[in-house]
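Visitor: I would like to learn how to read the main features of a protein model, beginning with the overall layout and ending with the empty space.

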Amino acid sequence: MIKKLLFAIMLALPMMGFAQSKFGVINSQTLMENMPEMKDVQTQLETASKKYEDEFKGLQDEFQKKYTELQSMEESTPQTIKDRRMQEVRDLSEKIEQFRATATQDLQRQQEQLIAPIQQKVMTAIQSVGDEGSFTFIFENQIPVYVGKDAVDVTPLVKTKLGIK
């Protein structure tokens, strides 16, 4: 009988601690979008993207010009000249593909570098709200299946901490 009572107490203790836990949910995507710094990041990325687009357009125009010249060569043009022009078109095509890959990687790297400090700022604010509110866990609230009445949406608290309206 005493063993059963001790066993029941041992089972109940962790549940008592769990019942005293405080859970929060947050939509960090909304927070990030509302950060004033994100507008600056978007402007910088759009500027860089526009420069890459302009360069890409120039390469495409050059490719189209060389391809048109190749197509318009007469039958009497020596084969070696045609082969050389064909090689120029192939080289330019490879250059375009390489440029596209490099530009994509560079824009992605720039985005990661520009967003990292903002993400860190948001994480620091979430941790601060978690500590101040004595939350046990704060979960991402992107696609909740169910949020109970005991879960607190801490998004407004973190927005206040970050100075976002």
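Guide: We will go through the elements, the sheet, the cores, one exposed glycine and the largest pocket.

Guide: This is a predicted model, in which local features need pLDDT of at least 70 and side-chain atom pairs count only at pLDDT 80 or more, whereas totals for chains, interfaces and linings use all residues. Residues are numbered from 1 along each chain as its sequence is written, and side-chain values use heavy atoms, with hydrogens and water left out.

Visitor: How many helices and strands does the protein chain have, and in what order do the elements run?

Guide: Helices (H or I, at least four residues) and strands (E, at least two) are DSSP runs, numbered from the N terminus. The protein chain has five helices and three strands, and from the N terminus on they follow the order α-β-α-α-α-β-β-α.

Visitor: What is the order of the strands in the sheet?

Guide: Two strands pair if DSSP finds at least two bridges between them. Here the three strands form an open sheet with the order 2-1-3 and parallel pairing. Strand 2 and strand 3 are at the edges with a single partner strand each, so one side of each has no neighbour in the sheet. Strand 1 (residues 23–26) is joined by four bridges to strand 2 (residues 137–140) and by two bridges to strand 3 (residues 152–153). G24 illustrates both pairings, since it stands opposite I138 in strand 2 and has V152 as its bridge partner in strand 3, while V25 is partnered in strand 3 by D153.

Visitor: Are the two faces of strand 1 buried or exposed?

Guide: In a regular strand the side chains alternate between the two faces of the sheet. Buried means under 20% relative accessible area, exposed over 50%, and partly exposed in between (1.4 Å probe, protein chains only). Both faces of strand 1 are covered, with F23 and V25 buried on one side and G24 and I26 buried on the other. Of the 165 residues of the protein chain, 24% count as buried.

Visitor: Which residues touch the most other members of the largest nonpolar core?

Guide: In soluble globular proteins, nonpolar side chains tend to be buried together. A nonpolar core is a set of buried Ala, Val, Leu, Ile, Met, Phe, Trp, Tyr and Cys residues joined through side-chain atoms within 4.5 Å. In the largest one, which has 18 residues, L31, M35, V122, V158 and L162 touch the most other members. Helix 2 (28–34), helix 3 (36–71), helix 4 (79–132) and helix 5 (155–162) each supply at least two of its residues, and helix 4 gives the most, with six. Apart from this core lies another of five residues, among them F56, L59, L92 and F99.

Visitor: Is G163 buried or exposed?

Guide: G163, in the segment after helix 5, counts as exposed because its relative accessibility is 58%. Its C-alpha atom is separated by 8.9 Å from that of M35, 128 residues apart along the chain.

Visitor: Which residues line the largest pocket?

Guide: Rolling a probe the size of a water molecule over the atoms shows where empty space is left. A pocket is an open set of points on a 1 Å grid over the protein atoms alone, where a 1.4 Å probe fits, with protein on both sides within 12 Å along at least five of seven lines, and lining residues have an atom within 4 Å of a point. The largest pocket is lined by Q29, M32, E33, M38, Q42, L45, Q111, I115 and Q119, and helix 2, helix 3 and helix 4 are the elements that give two or more residues to this lining.

Conventions
Points joined across faces, edges and corners; volume = space filled by probe spheres on them.
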